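Work through the exercises below with the sequence and the model open. Each task is followed by a solution in steps.

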Amino acid sequence: MSGINYSEKIPNNVNLSEDRTLQRALEHWQPNYLQWWNDMGPDGSQDFDVYLRTAVSVDPQGWAQFGHVKMPDYRWGIFLNPAEQDRKIHFGDHMGEAAWQDVPGEHRANLRRIIVTQGDTEPASVEQQRHLGLTAPSQYDLRNLFQVNVEEGRHLWAMVYLLHKYFGKDGREEAEGLLERNSGNADNPRILQAFNEKTPDWLSFFMFTYFTDRDGKFQLCALAESAFDPLARTTKFMLTEEAHHMFVGESGVSRTIQRTVDVMNELKTDDVGRLRAAGVIDLPTIQRYINFHFSVTIDLFGADQSSNAATFYSSGLKGRYEEGKRTDDHVLKGNSYKILSVEDGKLVEKEVPMLNALNEVLRDDYITDSKGGIERWNRVIEKAGIQFKLTAPHKAFHRNIGSLSGAKITPDGRVVSEAEWNAKVGEWLPSNEDRAYVASLMGRVVEPGKFANWIAPPVMGINRQPVDFDYVRFN
Ligand SMILES: [Fe+2]
Ligand SMILES: [Fe+2]
């Protein structure tokens, strides 16, 4: 079951050839997908041979095979984790009942919406990152970008499979829509705002893969608990791919910091002007990028109070992060949870029914997880003997969704006036100058084993290859 059939036009482990209607629908969608990849995928790179990993089975051991592939020839397909026998719904009002192998009529609209919203983020990030190849700091990094891109493309396949197989004509229309909306398009944008932002430079890319792909991880973890078994199985396999994306982000920021602290020690300075003259990204700028990406990403979890979140949970569509490891009753009626709001110019906590606060629960789990990497970045600074600490901004900082939306709150959690916000925002969020400076560092480095001046090389290469391996052959 876990083996993947690569002999078919669409690689799969779902016996696609036995479902002719589905096979035909997907084969009809496939050329449109490839057209989208050509138009909106990595710019100018269709002919490169890239050292990519491809899934050969969904087993935890050895699912990956590495080799040079042209990206348009990457074997995108449909891979689900094996079915768990007699799987039961383990939260919400249907707890204890058999997991659904099909979509119950009363949950059809909500499930479709959940799948489309998740599916929309996958091609969106490929679009956001499409120009980055032109300014890659090394072949190693270029390869990692492309690996992330092809896997986001496969995540789109995963969601389109569910739409085609379980949602009939509306599902097929939604699958077309996923190729028609475009990141940042004024007339037909992507569904979620963070996926319409630009990813203009490599520091943004690393921050995006650290913070925003981690939002993906938490959403997928919540969907991996779903009573709708095909969704749970699809997202479980997507999670194995997601781990690499967050690694690219965490190690990318870490190497950026490493290079900065090395130069700080060489020049014995923390003067921003001197560091910029030396061509590295000063730590205060890195902090402002963290503040931006952290705050934009935590908005993705949605409003702090949401009746949809309660419905999704109680009806079994979407669980909590690590639902199975929690020891409460998994129904949550009568439980409460603390959320934040601004009252009389102060941040206050208030208790609300937990079911309505499940977006906030997931956001808080995400925040705990994302702080781990920031601590690991701090160890790089500490090890260099430099006094500087990066921090996650307060959860209320720079929010645009929910009860904190539009409130003026500093990264350390003080409510301030509009005037103070405007005077200080340049210390808290990347300014135009910061962005222009970071942009000025971006230049393409293509020689194997060479790295742009602003970033340190990685400790090791991909799949035990040397760092100076030819990860990308430009042809
Ligand atoms: Fe993804
Ligand atoms: Fe991802």
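**Exercise 1: an aromatic pair**

Tyrosine 74 has a relative accessibility of 6% and therefore counts as buried. The model is a predicted one.

Task: Classify the aromatic pair of tyrosine 74 and tryptophan 76, and place both residues in their cluster.

Solution.
1. Tryptophan 76 is buried as well, because its relative accessible area is 4% and the cut-off for buried is under 20%.
2. A pair of aromatic rings is described by the centre distance and the angle of the planes.
3. The structure holds 31 aromatic pairs. In the pair of tyrosine 74 and tryptophan 76, the centres are 5.4 Å apart and the planes are at 65°, giving an edge-to-face arrangement.
4. Both residues belong to one aromatic cluster, formed by Trp29, Tyr33, Trp36, Trp37, Tyr74, Trp76 and Trp157.

**Exercise 2: an iron site**

Task: Find the protein donors of the iron ion (ligand 2) and describe the site.

Solution.
1. The donors are Glu152 (OE), Asp213 (OD), Glu242 (OE) and His245 (ND1), at 1.8 to 2.2 Å from the ion.
2. Their spacing in sequence reads E-x60-D-x28-E-x2-H.
3. Glutamate 242 and histidine 245 are three residues apart in helix H6 (residues 229–267), so about one helical turn separates them. Both are buried.
4. The angles among the four donor atoms run from 89 to 175°, and the site is irregular. A tetrahedral site would need all angles between 85 and 135 degrees.
5. Glutamate 152 also bridges to the iron ion (ligand 1), 3.4 Å from the iron ion (ligand 2).

Notes. Residues are numbered from 1 along each chain as its sequence is written. Chains are lettered from A and ligands numbered from 1 in the order in which they are written. This is a predicted model: local features need pLDDT of at least 70, side-chain atom pairs count only at pLDDT 80 or more; totals for chains, interfaces and linings use all residues. Side-chain values use heavy atoms; hydrogens and water are left out. Donors are N, O and S atoms within 2.8 Å of the metal (3.2 Å for Na, K and Ca); water is not among the atoms, so sites may look incomplete. Four donors count as tetrahedral if all angles lie between 85 and 135 degrees; four count as square planar and six as octahedral if opposite donors are over 155 degrees apart and all others between 65 and 115; anything else is irregular. Helices (H or I, at least four residues) and strands (E, at least two) are DSSP runs, numbered from the N terminus. Buried means under 20% relative accessible area, exposed over 50%, partly exposed in between (1.4 Å probe, protein chains only). Rings of Phe, Tyr and Trp (its six-membered ring) pair if their centres lie within 6.5 Å; planes under 30 degrees apart count as stacked, over 60 as edge-to-face and the rest as tilted.
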